[in-house]
Amino acid sequence: MEPITKSEKRVIPTLKDMKQVYDQYTAEDQKVWNILYDRQIVNMPGAATVEFMKGLDVVKFTNESIPAFDETNAILREATGWELVAVEGIVDDKLFFELMSNKKFPATTWLRKMEELDYLEEPDMFHDVFAHVPLLTNQAFVDYLQALSEIGAAHANDPEAIELLSRIYWFTVEFGLIREESGLRIYGAGILSSVGETHFSLSDEPEHFAYDVEQILDTPFRKDAFQEKYFIIESYEQLFHSIEEVKTRLNEKLQSKVG
C-alpha cells in the first residue's frame, strides 16, 4: 500500500450529532475492511510492537466486520479511559488537540472504495481505527498522547508552533519505531496501515535515529512518499517523560524566531 497523504484540511465546525451509523455500511464496505485487514495482519507478527498485538486482542478487531465504535469505546474506557469520537474527515488543529487532550480520539467513519485499496488522499477508517486504536489500550502511550495534545491545544492559534509540534506527532504517533527485546518494531499508525511502509521502515534503506526531540523538531517530514528518516524509542514511558523537553525545546525555538 502506498503512503497516505493528507489533502487540504476539511474543517469540522462542530461534533454535534456526529456518530457512526453502522447500518449504512454496505457489503462492499465490509469486504474492503476484510481485504485490508487480511493483507496487513499477516505482516504484523515480527513487525508490529508487542503492545499493538496485545491491544488488537483487547479491542477484539477481526477481519469479519468493521468495528462498531460503541463496542470499541466500552473496551477503551475500561482499559485507559479513552474513547473514539466520530468525525467526517480531518479536523482542524484546535479541535484535534482539544479532543485528544480530553481522551477523545477523532476517527473517521468512512472507508475507502475497492478501487482505492492502494491509495487515497486522506486517512480513512482503516488507518484511524485499525492502526491507531490498539495502542490506545497502552496507558503510557495514551498519557503521552494526551500530554502532547495539551501542548497543541495551548498553541492552537500559533501556526509556527503547530508546525513544529506536528513533527513530533508525525515521527512518533504516525511513523515511530520502538526497540524491543525481539528487535526493531513499529508503533506508528501511518506505517501500521501501510503494507509497503511496514517492510520499508524496518529495512536498511531508510535512516534510523534514536529518539531525539531537538532533532525531530528540526526535521521536516514527507506526506507524498515513504519516510526517509525514522526515530526509535526505547519505551512508551520514554515518550511520556520527554514531554517536558518537548515544551522546553518548542519554547526555545519559538523565542528564537521572535528574537
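**Figure 1. Surroundings of Gln 40 in helix H1 of the predicted model**. Leaving aside neighbours within four places in sequence, Gln 40 is in contact with Phe 126, Phe 130, Ile 191, Leu 192, Ser 193, Ser 194, Val 195 and Thr 198. The helix that carries Gln 40, H1, spans residues 27–41, and Gln 40 itself is buried, with a relative accessible area of 1%. Two of the residues in contact with Gln 40, Phe 126 and Phe 130, also belong to a cluster in which ring pairs link them with Trp 33, Tyr 37, Phe 52 and Phe 61.

**Figure 2. The aromatic pair of Phe 171 and Phe 221**. Across the whole structure, a search finds 19 aromatic pairs. In the pair shown here, the ring centres of Phe 171 and Phe 221 are 6.4 Å apart and the ring planes stand at 80°, so the arrangement is edge-to-face, since planes over 60 degrees apart are classed in that way. Phe 171 belongs to helix H7 (residues 159–174), whereas Phe 221 lies in the loop between helix H10 (213–217) and strand E6 (229–233), so the pair ties together parts that are 50 residues apart in sequence. Phe 171 is buried, at a relative accessible area of 2%.

**Figure 3. The largest nonpolar core and the contacts of Leu 145**. In soluble globular proteins, nonpolar side chains tend to be buried together. The largest nonpolar core of this model has 80 residues, and those that touch the most other members are Trp 33, Leu 136, Phe 141, Leu 145 and Tyr 236. Helix H7 gives the most to this core, with nine residues. When neighbours within four places in sequence are left aside, Leu 145 is in contact with Trp 82, Met 100, Phe 105, Leu 136, Tyr 169 and Val 173; Leu 136 is thus both a contact of Leu 145 and one of the residues listed above for touching the most other core members.

**Figure 4. Val 173 of helix H7 and its contacts**. Val 173 is buried, with a relative accessible area of 1%. Not counting residues up to four places away in sequence, Val 173 touches His 132, Phe 141, Tyr 144, Leu 145, Tyr 187, Gly 188 and Ala 189. Along the chain, Val 173 and Leu 145 are 28 residues apart, while their C-alpha atoms are separated by 7.9 Å.

**Figure 5. Packing of helices H6 and H7**. Two packed helices are described by the angle between their axes and the distance between the axes. Helix H6, which covers residues 139–154, packs with H7 at an angle of about 165°, and the two axes are 10 Å apart. That angle makes H6 roughly antiparallel to H7, and the crossing of the two helices is left-handed. On the H6 side the contact is made by Phe 141, Tyr 144, Leu 145, Leu 148, Ile 151 and Gly 152, and on the H7 side by Ile 162, Leu 165, Ile 168, Tyr 169, Thr 172 and Val 173.

**Figure 6. Helix H4 and its packing against helix H6**. The axes of H4 (residues 93–101) and H6 come within 8 Å and cross at roughly 140°; the two helices are therefore oblique to each other, and their crossing is left-handed. From H4, Phe 97, Glu 98, Met 100 and Ser 101 meet Leu 145, Gln 146, Ser 149, Glu 150, Gly 152 and Ala 153 in H6. The buried residues of H4 are Leu 95, Phe 96, Phe 97, Leu 99, Met 100 and Ser 101, and these pack against E2, H6 and H7. After H4 comes Lys 103, whose phi is positive, near 65°.

**Figure 7. Arg 112 and Val 21, each with a second residue far away in space**. Arg 112 is found in the loop between strand E2 (104–108) and helix H5 (125–131), where Arg 112 is buried at a relative accessible area of 0%. From C-alpha to C-alpha, Arg 112 and Arg 249 are 38 Å apart in space, with their positions 137 residues apart in sequence. Val 21, found in the segment before H1, counts as partly exposed at 37% relative accessibility. Val 21 and Phe 209 are 188 residues apart in sequence, and their C-alpha atoms are 42 Å apart in space.

Technical notes: Residues numbered from 1 in each chain as written. Predicted model: local features only at pLDDT ≥ 70, side-chain atom pairs only at ≥ 80, totals over all residues. Heavy atoms only, no water. Phe/Tyr/Trp six-rings, centres within 6.5 Å; stacked < 30°, edge-to-face > 60°. Helix = DSSP H or I, 4+ residues; strand = E, 2+ residues; numbered from the N terminus. Buried < 20%, exposed > 50% of the residue type's maximum accessible area, 1.4 Å probe, protein only. Contact = heavy atoms within 4.5 Å. Core = buried A, V, L, I, M, F, W, Y, C linked by side-chain atoms within 4.5 Å. Axes fitted to C-alpha atoms, helices over the stretch in contact; angles between N-to-C directions. Parallel < 35°, antiparallel > 145°, perpendicular 65-115°, else oblique. Left-handed = near helix turned anticlockwise from the far one by under 90°.
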